[in-house]
Amino acid sequence: MALTEREDIILQDLKMWESEMRSDEPTDFEAYYDRLIESLFTLLPESTQEEFFAKLDNWLFHLHSMIHESQFQADARNRILTNARVFDERIKDIQDLREMTIDRLTYIAEQQMARHRMYSLVQGGLSAANGGWVLAADLPAQMVINLRSIQLIGLSYGYDISTPYETTLSLKVFHAGTMPKRMQKYFWDDLMEDLEKPSDYFYEGEEMSNVFWLDQPIKQLMKVLAIYFFRKQMLKGVPIISLAIGSQANYRLTKNVTAFANQFYKYRYLRDKEGE
């Protein structure tokens with residue numbers, strides 16, 4: 001099916017974004033940092049590395065499933081359908097959304113993006129202000145917020161993540177979105193290859209996490225140290241600097257993840273429509 005003039009313009013914008021992503025090269029410091037992390041982790045026995053990443057992937061799969069099956073997510077799914085019916089009352093299920101225009105789907109997806117960025121902003125501020133176990137739970141909370149946002153962005157473009165293929169694909173989008181921008185082009189290529197696979201393809205024994213994903217836990221540790229360093233800098237009893245560090249760091253992460261996920265699902269929608 002030929003794309004409309006508007007869809008072709010959006011596709012060209014996506015290709016320009018992809019080209020800019022591919023041109024992003026690491027600085028000398030970033031290249032040294034990447035080599036250092038990789039060399040430190042390779043000091044561990046290979047069996048230990050494999051076991052670590054296998055357990056991490058398994059944990060993320062279970063977390064993804066828990067989010068997907070929660071009532072909170074079911075309510076969000078229904079809200080997406082309700083919003084879609086404002087534009088087209090014939091919408092009955094998630095797959096029907098693919099009959100809508102790209103601008104309307106983008107509008108629905110951007111609602112999810114804005115909502116989850118706000119969740120991250122508030123959650124980061126609360127973690128920094130309260131400290132203790134609330135701060136310790138910050139990384140898991142961020143994973144929940146960002147995994148949930150990717151699921152809902154996928155739903156907004158008409159892709160139901162109930163199947164193993166869609167589940168794995170959304171987890172790969174999560175991994176790619178949380179990677180440093182200089183590395184996202186490699187994960188984008190992997191996602192493009194996955195789009196060539198049939199929808200009933202079953203991933204088995206495929207490792208998704210790798211040593212470079214540890215960039216996020218390292219940044220998390222640095223954020224926690226900064227929060228504790230400035231925790232006594234008060235303004236009317238509020239640790240304003242720590243609060244700013246926590247909220248801005250979490251907001252920036254979710255902004256990057258949701259922007260990447262939106263570009264991926266938008267591109268996928270246009271690709272599928274063009275191939276029909």
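Arg271 is partly exposed, with a relative accessible area of 23%. The model described here is predicted. Arg271 forms a salt bridge with Asp272, 3.3 Å from N to O. Asp272 is likewise partly exposed, because its relative accessible area is 23% and the buried class ends at 20%. Both residues belong to a network of salt bridges that also takes in Glu166, Glu196 and Arg268.

## Salt bridges

The model holds 20 salt bridges in total. Three of the pairs are set out below.

| Pair | N to O distance |
|---|---|
| Lys185 and Glu25 | 3.1 Å |
| Asp215 and Lys219 | 3.1 Å |
| Arg271 and Asp272 | 3.3 Å |

The side chains of Lys185 and Glu25 meet at 3.1 Å, N to O. This pair joins distant parts of the chain, with the two positions 160 residues apart: Lys185 sits in helix H9 (residues 184-194), while Glu25 sits in the loop between helix H1 (5-22) and helix H2 (28-41). Lys185 has 6% relative accessibility and therefore counts as buried.

The bridge between Asp215 and Lys219, also listed in the table at 3.1 Å, is of a local kind. Both residues lie in helix H10 (residues 215-229), where they are four residues apart, or about one turn of the helix. Is Asp215 buried or exposed? Its relative accessibility is 6%, so Asp215 counts as buried. Lys219, its partner, is partly exposed, with a relative accessible area of 43%. That value falls in the partly exposed class because it is neither under 20% nor over 50%.

## Packing of H8 against H11

Two packed helices are described by the angle between their axes and the distance between the axes. For helix H8 (residues 164-178) and helix H11 (residues 240-275), the angle is about 135 degrees and the axes are 8 Å apart. H8 and H11 are therefore oblique to each other, and their crossing is right-handed.

On the H8 side, the contact is made by Tyr165, Glu166, Leu169, Ser170, Val173, Ala176, Gly177 and Thr178. On the H11 side, the contact residues are Leu253, Asn256, Val257, Phe260, Ala261, Phe264, Tyr265 and Arg268. Sorted by class, this contact has 10 nonpolar, four polar and two charged residues. Glu166 and Arg268, named among the contact residues, are also members of the salt-bridge network with Glu196, Arg271 and Asp272.

## Packing of H3 against H7

Helix H3 (residues 46-68) and helix H7 (residues 138-156) pack at about 65 degrees, with 10 Å between their axes. This crossing, too, is right-handed. H3 contributes Trp59, Leu60, Leu63, His64, Ile67 and His68, which meet Met143, Val144, Leu147, Arg148 and Gln151 of H7. By class, the contact of H3 with H7 comprises seven nonpolar, three polar and one charged residues.

## Individual residues in the helices

Ile153 is found in helix H7. With 0% relative accessibility, Ile153 counts as buried. Which residues does Ile153 contact, leaving aside its neighbours within four places in sequence? They are Ala109, Met113, Thr258, Ala261, Asn262 and Tyr265. Of these, Ala261 and Tyr265 are also named on the H11 side of the contact with H8. Ile153 and Leu60, a residue of the H3 contact with H7, are 93 residues apart in sequence and 18 Å apart in space, C-alpha to C-alpha.

Thr106 lies in helix H5 (residues 102-130). It has 9% relative accessibility, so Thr106 counts as buried. Not counting residues up to four places away in sequence, Thr106 touches Tyr157 and Lys266.

Ala84 has its place in helix H4 (residues 71-87). The relative accessibility of Ala84 is 0%, and it therefore counts as buried. Beyond its neighbours within four places in sequence, Ala84 is in contact with Ile91, Leu97, Met100 and Ile108. Ala84 and Gln49 are 35 residues apart in sequence, and their C-alpha atoms are 45 Å apart in space.

Conventions: Residues are numbered from 1 along each chain as its sequence is written. This is a predicted model: local features need pLDDT of at least 70, side-chain atom pairs count only at pLDDT 80 or more; totals for chains, interfaces and linings use all residues. Side-chain values use heavy atoms; hydrogens and water are left out. Axes are lines fitted to C-alpha atoms, for helices over the stretch in contact, and angles run from 0 to 180 degrees between N-to-C directions. Angles under 35 degrees count as roughly parallel, over 145 as roughly antiparallel, 65 to 115 as roughly perpendicular and the rest as oblique. A crossing is left-handed if the near helix is turned anticlockwise from the far one by less than a right angle, and right-handed if clockwise. Contact means heavy atoms within 4.5 Å. Ala, Val, Leu, Ile, Met, Phe, Trp, Tyr, Cys and Pro count as nonpolar, Asp, Glu, Lys and Arg as charged, and the others, Gly among them, as polar. A salt bridge is a side-chain nitrogen of Lys or Arg within 4 Å of a carboxyl oxygen of Asp or Glu. Buried means under 20% relative accessible area, exposed over 50%, partly exposed in between (1.4 Å probe, protein chains only).
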